[in-house]
Amino acid sequence: MYDVKSWKAEEFISDEEIRETLAYADENRGNVELIDAILAKAKERKGLTHREASVLLACELPEKIAEIYALAEQIKKDFYGNRIVLFAPLYLSNYCVNGCVYCPYHLKNKHIARKKLTQEEIAAEVTALQDMGHKRLAIEAGEDPVNNPIEYILECIDTIYGIRHKNGAIRRVNVNIAATTVENYRRLHDAGIGTYILFQETYHRESYEKLHPTGPKHDYAYHTEAMDRAMEGGIDDVGLGVLFGLEMYRYEFAGLLMHAEHLEAVHGVGPHTISVPRVKRADDIDPAQFDNGISDEVFAKICALIRISVPYTGMIISTRESQAVRERVLPLGVSQISGASRTSVGGYASDEPEEITSAQFDVSDQRSLDEVVNWLIKLGYLPSFCTACYREGRTGDRFMALCKNMQILNCCQPNALMTLKEYLEDYAGEETKKIGMELIERELEKIPNPKVRKTACEHIHDIGGGRRDFRF
Ligand code: SAM
């Protein structure tokens with residue numbers, strides 16, 4: 001039944017294969033010889049299969065877990081350096097016809113405030129986001145063919161790209177909307193989106209159907225095969241994710257890696273990013289009603305294992321997680337985080353009263369973007385607002401090639417420094433500006449290619465003089 005190359009959900013995410021994988025992982029959880037062989041393979045930085053990674057997830061030997069963490073940190077440094085890319089979600093509309101039991105946007109929720117942004121309201125949101133310093137957004141919307149048809153989403157994307165406020169600009173719009181048709185994916189591609197993100201929520205079919213009892217999202221196969229349609233429609237950067245807490249995490253982890261293997265096998269390019277959201281408290285949602293919640297320690301182990309299993313795939317942590325948890329998992333392989341997020345519709349331009357919220361879930365990390373940038377710098381990271389790869393056409397396998405050839409230091413590093421310099425000039429508080437400028441001086445030295453280093457120095461100087469938007 002299991003066929004990584006099949007286009008049928010039940011064949012590339014075969015339940016039987018996942019169950020056998022979990023049994024194999026249980027049998028071998030203490031098999032030091034096998035675990036050492038898997039770790040040796042991971043050290044070659046070529047990734048792991050879902051079976052191999054599942055053995056490591058099941059393993060509880062403290063010295064082996066320490067090795068997993070150390071390796072994840074090393075791979076993160078080798079592939080991504082100390083860069084952390086920043087973005088913000090932008091909620092367009094919370095009208096939704098689905099019945100997802102973990103999401104307050106579900107159709108039966110008559111208590112939540114329903115909102116849909118007009119193009120004028122989008123302009124106000126984007127202006128507020130630009131004023132913080134954001135350059136990269138992830139747009140979010142409920143599924144509602146009448147209120148939020150694809151034409152509305154496309155119009156919003158157009159509006160977002162068109163807004164110029166002071167030195168601000170949104171240079172990359174990632175899209176997180178419900179599974180749709182090849183034709184609609186083609187239209188999103190043609191609108192110039194960055195990554196198409198769709199969380200699987202759970203790979204466990206039976207649970208999936210119970211958790212999505214009504215609405216178009218109920219169709220497990222249509223949802224699970226969405227990334228294949230997106231790629232058929234020309235989108236080659238897709239982002240996977242599981243909503244941890246809904247089902248057994250070991251099942252989800254195996255399914256997630258099988259999905260990545262499937263995309264690689266069929267389309268020649270794996271997922272661009274993997275997100276690891278956990279269920280949060282929301283309007284009429286209590287996370288305690290789901291009995292598969294995972295501890296912070298298991299969460300960290302999952303992040304580390306994703307890093308060593310798919311070294312070329314970016315990993316995203318949102319403000320669902322607290323500052324402390326974010327700090328714990330950043331070194332284990334995270335490459336992107338959101339900052340200063342609002343999950344309400346229209347929440348950037350105006351606050352809404354607590355009793356009539358439109359928010360999707362409670363945000364744990366509520367700091368401003370300047371506080372997040374300041375914190376990253378103090379922890380030794382390089383905050384980046386870079387959007388260059390996609391704008392230079394380095395998507396899909398062309399981005400992967402850059403990663404695999406370890407050209408990141410000659411490309412992403414200078415781009416990160418130049419976009420950080422823009423942020424410091426235009427938006428940073430005094431202290432952030434000071435420590436940021438010192439960081440740029442230090443990091444410029446690390447660019448290996450002398451020609452690239454020299455050009456980057458010149459551009460950074462020119463940004464100080466008022467010029468913007470340089471990129472390699
Ligand atoms: N409606 C689209 C869809 O069906 O994919 C867009 C996604 S929704 C705006 C973004 C994601 O938020 C969902 O895919 C889900 O994983 C996550 N989410 C929903 N309810 C949540 C909750 N209570 N806590 C944390 N994340 C939640």
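This is a short tour of the structure, with one selection after another.

Before you click, note that this is a predicted model, in which local features need pLDDT of at least 70, side-chain atom pairs count only at pLDDT 80 or more, and totals for chains, interfaces and linings use all residues. Residues are numbered from 1 along each chain as its sequence is written, and side-chain values use heavy atoms, with hydrogens and water left out.

**Stop 1: the ligand**

Select the ligand and its surroundings. You should pick up 19 residues, and the closest are Y102, E201, K217, K280 and R320 (a residue is near if one of its heavy atoms lies within 4 Å). Colour that shell by class and you get 10 nonpolar, 3 polar and 6 charged residues. Here Ala, Val, Leu, Ile, Met, Phe, Trp, Tyr, Cys and Pro count as nonpolar, Asp, Glu, Lys and Arg as charged, and the others, Gly among them, as polar.

Now look for polar contacts (pairs of N or O atoms within 3.5 Å; within protein, one must be able to donate a hydrogen and the other to accept it, and residues adjacent in sequence count only if both atoms are side-chain atoms). At K280, a polar backbone atom is 2.8 Å from a ligand nitrogen. At A141, a backbone N or O atom lies 3.0 Å from a nitrogen atom of the ligand. R320 uses its side chain instead, with a polar atom 3.0 Å from a ligand nitrogen. Taken alone the ligand exposes 580 Å², and the protein buries 97% of that (Shrake-Rupley areas with a 1.4 Å probe; for residues, only the protein chains shown count as cover).

**Stop 2: E201 and R45**

Stay with E201, one of the residues closest to the ligand. E201 sits in the loop between β4 (196–197) and α9 (205–211); helices (H or I, at least four residues) and strands (E, at least two) are DSSP runs, numbered from the N terminus. Check its backbone: phi is near 70°, a positive value in a residue other than glycine. E201 is buried, at 8% relative accessible area, where buried means under 20%, exposed over 50%, and partly exposed in between (1.4 Å probe, protein chains only).

Then jump to R45, in the loop between α3 (32–43) and α4 (50–58). R45 is another non-glycine residue with positive phi, near 60°. Its relative accessibility is 19%, so R45 counts as buried.

**Stop 3: N98 and K217**

Which residue's backbone nitrogen lies 2.9 Å from a polar side-chain atom of N98? Select K217 to see it; K217 is also among the residues closest to the ligand. N98 belongs to the loop between β1 (83–93) and α6 (119–132) and is buried at 2% relative accessibility.

**Stop 4: helix α15**

Select residues 369–378. This helix, α15, is mostly covered, with 7 of its 10 residues buried. They are L369, V372, V373, N374, W375, L376 and I377. Just after α15, G380 takes a positive phi of about 95°.

**Stop 5: two distances to draw**

Select D131 in helix α6, a partly exposed residue at 37% relative accessible area. Draw a C-alpha line to D426: 295 residues apart along the chain, the two are separated by 8.6 Å.

Finish at E425 in helix α18 (residues 408–426), which is partly exposed at 25% relative accessibility. From E425 to F399 there are 26 residues along the chain, and their C-alpha atoms are separated by 29 Å.
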